[in-house]
Amino acid sequence: MSIVLRPIGYVDAALLDAIAPRVARWCRREVRLDPRAIDPEPARDPKRHQYHAGVLLQNLLDESNDAATDARVLGVTGVDLFIPIFTYLFGQAQLGGRAGIFSTHRLREEFYGGGHDGDRLVARAVKEAVHELGHTFGLRHCIDPSCVMRSSTYIEEVDQKGEDFCLACAAHLHAPT
Ligand SMILES: [Zn+2]
Ligand SMILES: [Zn+2]
């Protein structure tokens with residue numbers, strides 16, 4: 001089963017190129033890029049100036065019917081995500097489903113008033129990508145503080161965890177089916 005990365009709106013191609021091999025390494029699956037960007041505007045909430053993650057996830061699924069049936073599709077976007085019960089989201093995925101999305105909006109140092117840090121952005125993006133893909137592979141949140149499946153609400157929590165799965169999560173992820 002392979003993984004397809006697909007931009008939602010404008011995403012720096014260099015970022016996708018940088019994260020793809022690391023996502024492939026941690027998930028132990030082939031990763032390819034589908035450069036056909038999906039328009040995020042139908043998901044925009046004009047009052048919040050944010051984008052509804054559930055709507056984007058459904059649009060990504062609708063647009064990805066031509067992908068191999070067992071492929072996972074991960075949407076990468078620069079827009080700020082929300083769902084009605086949360087102020088914002090780093091990402092969202094279908095548990096055991098085909099699709100996930102994550103946003104780089106709050107992964108950039110610039111968002112927190114810092115200077116541009118490309119390496120840090122890539123490291124954070126890899127964690128969020130691997131985390132959301134982990135959900136599509138059926139993994140729930142993990143209490144191991146170093147595990148990529150640890151839930152993160154704040155950027156500090158993203159920085160504290162690793163890019164890899166803990167032994168228990170890895171055993172589930174890589175178990176022969
Ligand atoms: Zn999660
Ligand atoms: Zn874990």
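The following is an exchange about how terms are applied in this predicted model.

Modeller: The model is predicted, so local features need pLDDT of at least 70 and side-chain atom pairs count only at pLDDT 80 or more, while totals for chains, interfaces and linings use all residues. Residues are numbered from 1 along each chain as its sequence is written, chains are lettered from A and ligands numbered from 1 in the order in which they are written, and side-chain values use heavy atoms, with hydrogens and water left out.

Biologist: What makes His131, His135 and His141 donors of the zinc ion (ligand 1)?

Modeller: Donors are N, O and S atoms within 2.8 Å of the metal (3.2 Å for Na, K and Ca). The NE2 atoms of His131, His135 and His141 coordinate the zinc ion at 2.0 to 2.1 Å, so they count as donors. Water is not among the atoms, so the site may look incomplete.

Biologist: How are the donor residues spaced in sequence, and where do His131 and His141 lie?

Modeller: The spacing is H-x3-H-x5-H. His131 is in helix H3 (residues 118-136) and His141 is in the loop between H3 and helix H4 (155-160), ten residues apart. Helices (H or I, at least four residues) and strands (E, at least two) are DSSP runs, numbered from the N terminus.

Biologist: Why is His131 called buried, and why is His141 called partly exposed?

Modeller: Buried means under 20% relative accessible area, exposed over 50%, and partly exposed in between (1.4 Å probe, protein chains only). His131 has 4%, so it is buried. His141 has 49%, so it is partly exposed.

Biologist: What makes H3 a mostly covered helix?

Modeller: In H3, 16 of its 19 residues are buried.

Biologist: How do you know that the span of H3 is close to the expected one?

Modeller: The expected span is 1.5 Å times one less than the number of residues. For the 19 residues of H3 that gives 27 Å, and the helix reaches 27 Å from its first C-alpha to its last. Helix H1 (residues 13-27), with 15 residues, reaches 21 Å against an expected 21 Å.

Biologist: Where is the kink in H1, and what is meant by its angle?

Modeller: The kink lies at Ile19, shortly before the proline Pro21, and is about 25°. The bend at a residue is the angle between axes fitted to the seven residues ending there and the seven starting there.

Biologist: What makes Asp12 a cap of H1?

Modeller: A side-chain oxygen of Asp12 lies 3.0 Å from the backbone nitrogen of Ala14, at the N-terminal end of H1. A polar contact is a pair of N or O atoms within 3.5 Å; within protein, one must be able to donate a hydrogen and the other to accept it, and residues adjacent in sequence count only if both atoms are side-chain atoms. The side chain of Tyr88 also makes a polar contact, reaching the backbone oxygen of Thr153 at 2.5 Å.

Biologist: Which residues of H1 are buried, and what covers them?

Modeller: Leu15, Leu16, Ile19, Ala20, Val23, Trp26 and Cys27 are buried. Their cover includes strands E1, E2 (31-33), E5 and E9, as well as H3 and helix H5 (167-173).

Biologist: How do you know that E5 pairs with E1 and with E9?

Modeller: Two strands pair if DSSP finds at least two bridges between them. E1 (residues 3-8) and E5 are parallel and joined by six bridges, and E5 and E9 (residues 99-103) are parallel over five. Thr77 of E5 stands opposite Ile8 and has Ser103 as its bridge partner in E9.

Biologist: What makes both faces of E5 covered?

Modeller: Arg72, Leu74 and Val76 on one side and Val73, Gly75 and Thr77 on the other are all buried.

Biologist: Why is Arg6 called buried, and which residues does Arg6 touch?

Modeller: Arg6 has a relative accessible area of 4%, so it is buried. Its place is in E1. Contact means heavy atoms within 4.5 Å. Leaving out residues up to four places away in sequence, Arg6 touches Asp34, Arg36, Ile38, Leu60, Glu63, Ser64, Leu74, Gly75 and Val76.

Biologist: Why are Arg28 and His49 called exposed?

Modeller: Arg28 has 61% relative accessibility, so it counts as exposed. His49 has 57%, so it counts as exposed. Arg28 has a positive phi of about 55° although it is not a glycine, and the phi of His49 is positive, near 55°.
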